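Subject: A structure for you to look at

Hi,

Here is the structure I said I would pass on. Have a look at it first, and then read my notes below.

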Amino acid sequence: MDILLVDYKNTRPRRHLWSLLGFFLWFLMQISPSTIAMAQCMKDTNFSQIDQYFDSYGKHTSSNFDSAYHYLNLAEVALQNCDSLFIRVRSEKCFLIFRHKKIALLKQVLEENDNIIKEKGDAYWDQYYRPAAVNVGQYWGNYYYNIGDFNKCVEANQSFINSLEKYAKEEKTIRDTLLLAKFYRAIGNSYYKKGAYTNAKFYFDKAFGLSYAIKDSRPRQARIAFTMKLIGSVLRSQGDQKNAEKYLKQSLELHKKEYAQRTRNIYRDRLITSYYELAFLYKESKDYDKALALLEETIGLHEEGNDVIFADTYRHLGELHTLRKEYAQAEKYYQRALEITIQNYGQKNIRVAELNRLLGELFHQKKDYIKALDHFQKGKIAIQIQNTNIEQSTDISSTFAPKEWMSILSSQAETLLQAALSPTPNIKEIKHSRGVAKKALEALEFNRSRIASAEDKILFTENSYNIFNVLIAASSKLADITKQERFKKEAFFYSERSKASTLTENLLESKTKTTILDDNKEAIRQLTFLQEEQRRKYESEPDKLSRAAIKQLEEYVSIQSRLDSLINLNTEPPTVLNHGTINKNWASLLQKDETILHYFVGKEVLYIKVIHQKGEDWIEVPYENKLSEDIVFFRKSLTAYHLSLEQSESFYKKQNEEYTQVAHRLYKLLLEPVVKYSSKKYLIVPDGVLAYIPFETLLTAKPNSPDDFRTFPFAIKKWTFRYGYSLSGLELMSQQRTKISKALIFAPSFESVDGAELGALNFNQGEAEKTAALTNGTLYQSSEANKNSFIKNASEASILHIATHALTDERVPSNSFIAFGKDEDERLYLPEINAMDVAADLVVLSACGTGLGRLFKGEGLMSLSTGFARSGTKSLVSSLWSVNDGATAQIMEAFYEELSNDVAKNEALHQAKINYLNTANTYRSHPFFWSPLILNGNPETLLMPQRNLSYLGWIGLALLLILGFLFYRKKNLG
């Protein structure tokens with residue numbers, strides 16, 4: 001939370017302050033009759049005595065709370081008939097209480113303040129809105145932030161902003177603007193704590209713009225440094241480590257300079273938190289030594305005693321030592337942090353809950369489950385609204401901090417499960433852990449439903465993904481022990497719910513049209529394009545934030561605030577993760593002779609749900625914790641030689657030998673357990689790292705001839721494959737509305753320039769021309785294939801083919817783009833694709849890595865492909881690595897030829913690959929060339945545009961024949 005503007009450490013009230021204020025009020029009296037009462041107050045009040053009270057208060061502000069509070073009470077009594085000064089004393093009282101973290105007392109004083117303001121009425125509020133709203137009302141936000149009720153914190157701060165906008169109708173003063181920036185930071189902090197990082201960054205950006213624009217005598221550099229730290233924190237949480245480090249390092253240096261000039265507590269605290277944020281960054285990148293060194297630097301900045309900032313340092317040190325498995329030292333730090341926190345904040349607040357959860361997780365790692373569970377219970381009590389039976393109370397309605405509540409329930413459920421399985425399984429305790437995990441899942445859905453940004457929902461689910469691990473492991477273990485089918489169905493139900501939740505939500509809302517965001521969709525779409533354009537300029541030159549950019553941010557914040565209000569008012573239970581039921585029949589998604597293979601990668605077990613026309617099964621395949629390593633090894637062996645500058649024969653052979661080993665090993669894990677279910681086609685729903693591999697390239701046996709890939713026993717030679725992000729998503733994608741039959745083909749041209757990021761494409765023009773001929777499509781080439789023409793026309797296509805460059809940023813998905821030219825303005829970024837409406841039957845992304853992206857647990861790969869799926873596309877062909885444009889052009893031509901013969905999309909792509917494999921030379925038959933292109937989504941045949949008239953002609957001819965026959969028959973009968 002933003003630190004207050006006043007800091008009395010090392011300062012004393014000026015003795016002439018009251019005299020100046022008296023003169024000012026006298027002057028106001030001459031021009032405003034409403035100030036007569038204040039003038040009378042000035043006349044009747046002994047300000048010499050009050051000045052002594054404030055002088056004593058100033059001496060004790062930092063060192064002795066009780067004495068400082070005593071002198072403020074004396075001043076308050078003396079000024080109780082002087083409205084404007086009385087409210088200022090009340091604001092000082094709030095400041096003092098907040099400074100010493102007497103949170104329970106702060107609530108009491110704030111309630112008294114509200115009653116006083118309410119008694120005075122609107123006229124008083126009009127006259128004294130700044131002291132009333134700023135110096136008193138702001139502390140409600142501080143109170144809610146510190147106990148962890150972030151929704152109410154946003155409301156409290158927004159209430160001030162509304163009041164300021166209402167009463168400062170003319171141009172705002174510098175102080176008004178600074179206060180607006182302060183409250184934007186406060187709102188941003190609340191969103192950050194809720195996990196709504198996109199909203200947080202918008203508010204921080206706006207605060208930064210306001211702070212930067214004001215050149216006043218106040219410490220402008222400190223405000224900028226503080227806001228840069230906040231923006232860096234958001235970028236770190238979003239996974240943008242590179243930009244986060246840039247912001248956080250710059251913020252740290254600015255704070256060091258500021259503290260050297262002004263050694264007051266406010267600047268000290270901001271400097272310490274800058275160290276914290278940079279340490280978090282290094283902790284997340286597993287550079288624990290660097291993180292520890294930064295935290296240790298902060299110790300020299302601390303004062304003696306029980307300052308709450310010291311508790312934060314202890315907590316962060318505890319987290320680092322836990323990661324280093326130095327449990328004794330970690331426990332010591334956590335316990336000390338807990339003591340200081342309780343002393344400053346009391347027992348009922350989110351900090352106490354978080355520290356108890358961390359202690360519980362520490363004892364879980366030590367396998368001391370009794371102590372772990374004890375701390376989880378204490379954590380729940382700390383954020384419980386009322387002291388009811390904590391054993392029975394696991395509902396989200398019983399807490400004021402729903403995000404932390406969910407985290408505690410998740411950790412508690414995992415500990416209960418481990419305790420239930422050791423030393424022998426205990427059915428009752430397994431069911432108990434499952435019940436707690438279900439409550440944690442309800443809390444997850446509740447929290448997600450209160451976040452507007454799809455990207456933030458994805459991050460939130462990933463950070464809570466352990467809930468699904470516990471639910472699936474518990475249900476599967478119960479199925480194994482009891483032999484009851486219902487537990488297998490339940491395990492699969494949670495496995496399906498763990499996949500592509502945000503994509504499913506977007507598609508479900510699009511289908512039902514019941515989303516509360518519908519009325520604002522067009523505004524959001526337009527702002528997305530504006531914001532995406534400005535974001536890139538801002539990140540490249542943050543010191544040149546233009547007035548136009550600030551105006552755009554203001555507009556976006558306004559709409560975002562309105563949407564958040566709608567979301568918070570929505571009390572209906574979230575529906576997206578409830579799509580489907582435990583007994584839902586998913587076999588309707590299957591083609592003839594097709595089987596669904598639905599995977600979930602557990603901690604030590606691979607779970608496979610098998611669904612075919614005649615039945616279903618649930619399979620558990622134990623594996624060593626090397627699956628992720630095998631997937632990385634597999635992809636490297638497939639692509640390293642062809643994407644490397646090293647083209648030696650020895651390197652080529654080494655990569656091929658490694659590929660044959662790992663490809664067969666993965667086949668035995670992923671496909672061999674299911675081959676007993678005779679099938680010709682597979683619908684693969686991957687999980688986690690499995691989304692990185694094309695199953696077609698797995699080897700059913702060791703090859704006899706390691707040098708000729710044409711003879712390899714590839715899985716593609718036995719089965720046809722297609723893929724789905726989830727079964728719910730696949731079902732909803734199939735139900736998307738279809739456009740009239742119209743094909744659009746885009747093929748930009750790129751010059752061959754040394755050092756260019758996007759080099760020349762030699763085959764994309766020919767590929768596009770052949771595709772246009774086969775589909776009777778409209779062809780956009782060279783300069784006509786630009787970003788604007790794509791955005792303008794893409795929504796009208798049933799077939800959309802894009803043969804161009806694409807770049808995927810696996811760290812920051814929003815930086816991924818499709819290029820419609822060499823200039824940066826011709827790049828269509830992922831957030832822009834998400835905001836489009838592309839309800840095509842088929843989108844083909846004939847470019848590099850369009851199916852790749854950052855892997856999020858609970859969502860899968862966040863790729864350009866999933867962007868089009870979210871925008872309404874039925875099926876997509878995308879690539880899993882940088883493709884060879886010559887091989888891709890050849891496969892695409894064969895693909896469309898098959899489609900024109902009424903072949904289903906998955907079978908058409910399968911046959912195109914087989915044709916390529918059968919005709920390629922030994923080198924080009926390597927799976928690098930033909931396997932990266934995969935089909936996601938609906939497989940049904942396409943109504944090709946070139947056949948529209950012939951179909952209508954045949955229909956017309958049939959009608960004429962029927963009419964002729966009826967006429968002939970009627971004539972003969974007559």
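A charge sits over a ring if NZ of Lys or CZ of Arg is within 6 Å of the ring centre and within 35 degrees of the ring normal. With that in mind, find R270: its charged end sits over the ring of F226, 4.2 Å from the ring's centre. There is another case at K182, which lies over the face of F183 at 6.0 Å from the ring centre. Before you go on, please keep in mind that this is a predicted model.

Now the overall picture. The protein has 974 residues, and 60% of them are buried. It contains 37 helices and 16 strands. If you take the contacts between residues at least 6 apart in sequence, 72% of them join residues at least 24 apart. The accessible surface comes to about 41600 Å², and carbon and sulfur atoms account for 51% of that.

Rings next. How many aromatic pairs does a search of the whole structure find? It finds 37. Take W140 and Y143 as one of them: the ring centres are 5.8 Å apart and the planes stand at 80 degrees, so this pair is edge-to-face. Both residues belong to helix α7 (residues 129-147), where they are three residues apart, about one turn of the helix. W140 and Y143 are both buried.

Compare that with F746 and Y780, a pair that is stacked, with 4.6 Å from centre to centre and 5 degrees between the planes. F746 is in strand β6 (residues 743-747) and Y780 is in strand β7 (residues 778-781), so this pair ties together parts that are 34 residues apart in sequence. Are these two residues buried or exposed? F746 is buried, with a relative accessible area of 0%. Y780 has 15% relative accessibility and counts as buried too, because the cut-off is under 20%. There is also an aromatic cluster to look up, formed by Y641, F651, Y652, W881, Y923, F928 and F929.

On to the strands. β2 (residues 605-612) and β3 (residues 615-622) run antiparallel and are joined by eight bridges. A hairpin of two residues leads from β2 to β3. If you want to see a facing pair there, H612 stands opposite G615 in β3.

Further along the chain, three strands make an open sheet in the order β9-β10-β11, with antiparallel pairing. Which strands are at the edges? They are β9 (805-807) and β11 (827-829), each of which pairs on one side only. From one strand to the next, the twist averages 20 degrees. Three bridges hold the antiparallel pairing of β9 with β10 (residues 817-819), and H805 has A819 in β10 as its bridge partner.

The loop between β9 and β10 holds D809. D809 is buried, with a relative accessible area of 16%. Leaving out residues up to four places away in sequence, D809 touches N815 and S816. R854 is 45 residues from D809 along the chain, yet their C-alpha atoms are separated by 7.4 Å.

You can do a similar exercise with E907, which is in helix α35 (residues 905-919). E907 is partly exposed, at 27% relative accessible area. Apart from its neighbours within four places in sequence, E907 is in contact with K681 and T720. Its C-alpha atom is 9.9 Å from that of W719, although the two residues are 188 apart along the chain.

Lastly, some backbone details to check:

- The peptide bond from S422 to P423 is cis, with omega near 0 degrees. P423 is in the loop between α19 (402-421) and α20 (427-449).
- A500 is not a glycine, but its phi is positive, near 45 degrees. You will find A500 in the loop between α23 (485-497) and α24 (501-512), and it is buried, at 1% relative accessible area.
- D902 is not a glycine either, and its phi is also positive, at about 65 degrees. D902 is in the loop between α34 (885-899) and α35. With 45% relative accessibility, D902 counts as partly exposed.

Happy exploring!

Notes: Residues are numbered from 1 along each chain as its sequence is written. This is a predicted model: local features need pLDDT of at least 70, side-chain atom pairs count only at pLDDT 80 or more; totals for chains, interfaces and linings use all residues. Side-chain values use heavy atoms; hydrogens and water are left out. Helices (H or I, at least four residues) and strands (E, at least two) are DSSP runs, numbered from the N terminus. Buried means under 20% relative accessible area, exposed over 50%, partly exposed in between (1.4 Å probe, protein chains only). Contact means heavy atoms within 4.5 Å. Accessible areas come from the Shrake-Rupley method with a 1.4 Å probe; for residues, only the protein chains shown count as cover. Two strands pair if DSSP finds at least two bridges between them. Axes are lines fitted to C-alpha atoms, for helices over the stretch in contact, and angles run from 0 to 180 degrees between N-to-C directions. Rings of Phe, Tyr and Trp (its six-membered ring) pair if their centres lie within 6.5 Å; planes under 30 degrees apart count as stacked, over 60 as edge-to-face and the rest as tilted.
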